[in-house]
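Reader: I should like to examine how the terms applied to this model are justified. Please show the sequence and structure before we begin.

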Protein chains: 2
Amino acid sequence: MTSKQEFIEKLRNSCLRPTKQRINICEVLFNRDKTFHFTINDLFNLIKDKTGEKISLATVYNTVHAFHKKGYLKEIPINSNQTYFDTNVTDHHHFFDVKEEKLIDLKNEDVGPIEIQKSIPGKKIKSVEVLVKLED
Amino acid sequence: MTSKQEFIEKLRNSCLRPTKQRINICEVLFNRDKTFHFTINDLFNLIKDKTGEKISLATVYNTVHAFHKKGYLKEIPINSNQTYFDTNVTDHHHFFDVKEEKLIDLKNEDVGPIEIQKSIPGKKIKSVEVLVKLED
DNA sequence: ATCTTCTTTAGAATAATTATAAACAACAAA
DNA sequence: TTTGTTGTTTATAATTATTCTAAAGAAGAT
């Protein structure tokens with residue numbers, strides 16, 4: 001259980017003013033035991049349901065992008081028309097259930113170390129992501 | 001160098017009528033030495049330049065999707081607003097140069113075997129894709 | 001209180017993609 | 001060849017995800 005006060009500090013630390021909307025979004029996103037995968041649309045609807053208050057879609061976009069930039073959210077590359085985010089920002093990978101359109105976390109140790117044996121001059125590796133697609 | 005006749009047969013084998021447009025698209029996509037990464041928009045423009053004939057955008061979409069469905073193209077999950085395709089349909093991975101927005105093939109042996117040590121009941125693995133993002 | 005700066009908001013704008021329905025081309029059979 | 005059927009192309013409209021805009025509102029500092 002994370003308190004409202006912690007969210008306010010979290011926002012302050014990132015030079016984001018702790019507004020009502022941002023705190024609400026924090027509650028929905030981070031006040032959980034388990035990691036949470038979502039699209040902007042999922043989040044938009046969830047906020048309405050959970051808090052009873054509607055936050056403008058533009059604000060949801062702004063806030064998610066701000067959190068992503070600050071490293072509080074991870075963007076997950078899936079081939080889909082919608083962008084997925086993950087509250088688990090540690091280094092890890094994903095299953096994607098193609099039929100259910102659902103993401104499942106894969107711990108780093110479930111995949112093992114990945115050694116990239118090729119390099120591109122002038123470039124360095126920013127991230128290594130494994131996506132395992134699942135079918136029935 | 002692949003001949004027009006081969007493309008016609010390729011299309012026939014997939015129950016796709018060999019139309020002028022589809023053959024042109026084949027020429028642009030498959031008549032190359034190296035693997036080719038593209039977005040629909042890239043392809044649309046390239047066709048105009050290379051063949052001098054304009055193919056309707058809707059046809060480009062239809063054809064690319066048909067080829068993808070038949071396994072002649074691979075879709076590559078990158079976080080971007082555009083969908084990327086690859087003429088290399090063998091099992092392999094990718095670098096993505098974030099700044100240049102460019103894809104580079106990574107051979108399977110450049111990555112080494114990936115053992116997924118977790119399974120989801122009722123589901124089997126369809127594909128394992130590694131995306132390595134590059135920065136300067 | 002007051003002022004400045006940041007944020008929210010509804011709605012408009014943009015961009016990628018998909019749907020539509022009429023004209024057209026490929027194919028098979030006579 | 002003609003003819004009929006079915007698949008394909010096309011321009012355009014529709015849809016969807018996302019970003020932009022500009023005005024109203026809230027936070028923070030003085």
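Reader: Leaving aside its neighbours within four places in sequence, which residues is A:Asp110 in contact with?

Author: A:Asp110 is in contact with B:Glu115, B:Ile116, B:Gln117 and B:Lys118. Contact here means heavy atoms within 4.5 Å. As to conventions, this is a predicted model in which local features need pLDDT of at least 70 and side-chain atom pairs count only at pLDDT 80 or more, whereas totals for chains, interfaces and linings use all residues. Residues are numbered from 1 along each chain as its sequence is written, chains are lettered from A and ligands numbered from 1 in the order in which they are written, and side-chain values use heavy atoms, with hydrogens and water left out.

Reader: Why is A:Asp110 said to have no salt bridge?

Author: A salt bridge requires a side-chain nitrogen of Lys or Arg within 4 Å of a carboxyl oxygen of Asp or Glu. The nearest side chain of opposite charge to A:Asp110, B:Lys118, is 4.7 Å away, so the criterion is not met. A:Asp110 is nevertheless buried, a term that means under 20% relative accessible area (1.4 Å probe, protein chains only).

Reader: What makes the approach of A:Thr19 to DNA strand C a polar contact?

Author: A polar contact is a pair of N or O atoms within 3.5 Å; within protein, one must be able to donate a hydrogen and the other to accept it, and residues adjacent in sequence count only if both atoms are side-chain atoms. A polar side-chain atom of A:Thr19 lies 2.5 Å from a phosphate oxygen of DNA strand C, and therefore the pair qualifies. A:Arg17 also qualifies, because one of its polar side-chain atoms lies 3.1 Å from a base oxygen of that strand.

Reader: Which residues are the closest to DNA strand D, and how much of its contacting part is sugar and phosphate?

Author: 20 residues surround DNA strand D, the closest being A:Arg12, A:His65, B:Thr19, B:Gln21 and B:Arg22. Sugar and phosphate account for 82% of the atoms of DNA strand D that come within 4 Å of the protein. A residue is near a strand if one of its heavy atoms lies within 4 Å of it.

Reader: Which polar pairs involve a phosphate oxygen of DNA strand D?

Author: Among them, a polar side-chain atom of A:Thr83 lies 2.8 Å from such an oxygen. For the side chain of B:Thr19, an N or O atom is 2.5 Å from a phosphate oxygen of DNA strand D. B:Ser56 contributes a backbone N or O atom at 3.2 Å.

Technical notes:
Buried < 20%, exposed > 50% of the residue type's maximum accessible area, 1.4 Å probe, protein only. Lys, Arg positive; Asp, Glu negative; His and termini not counted.
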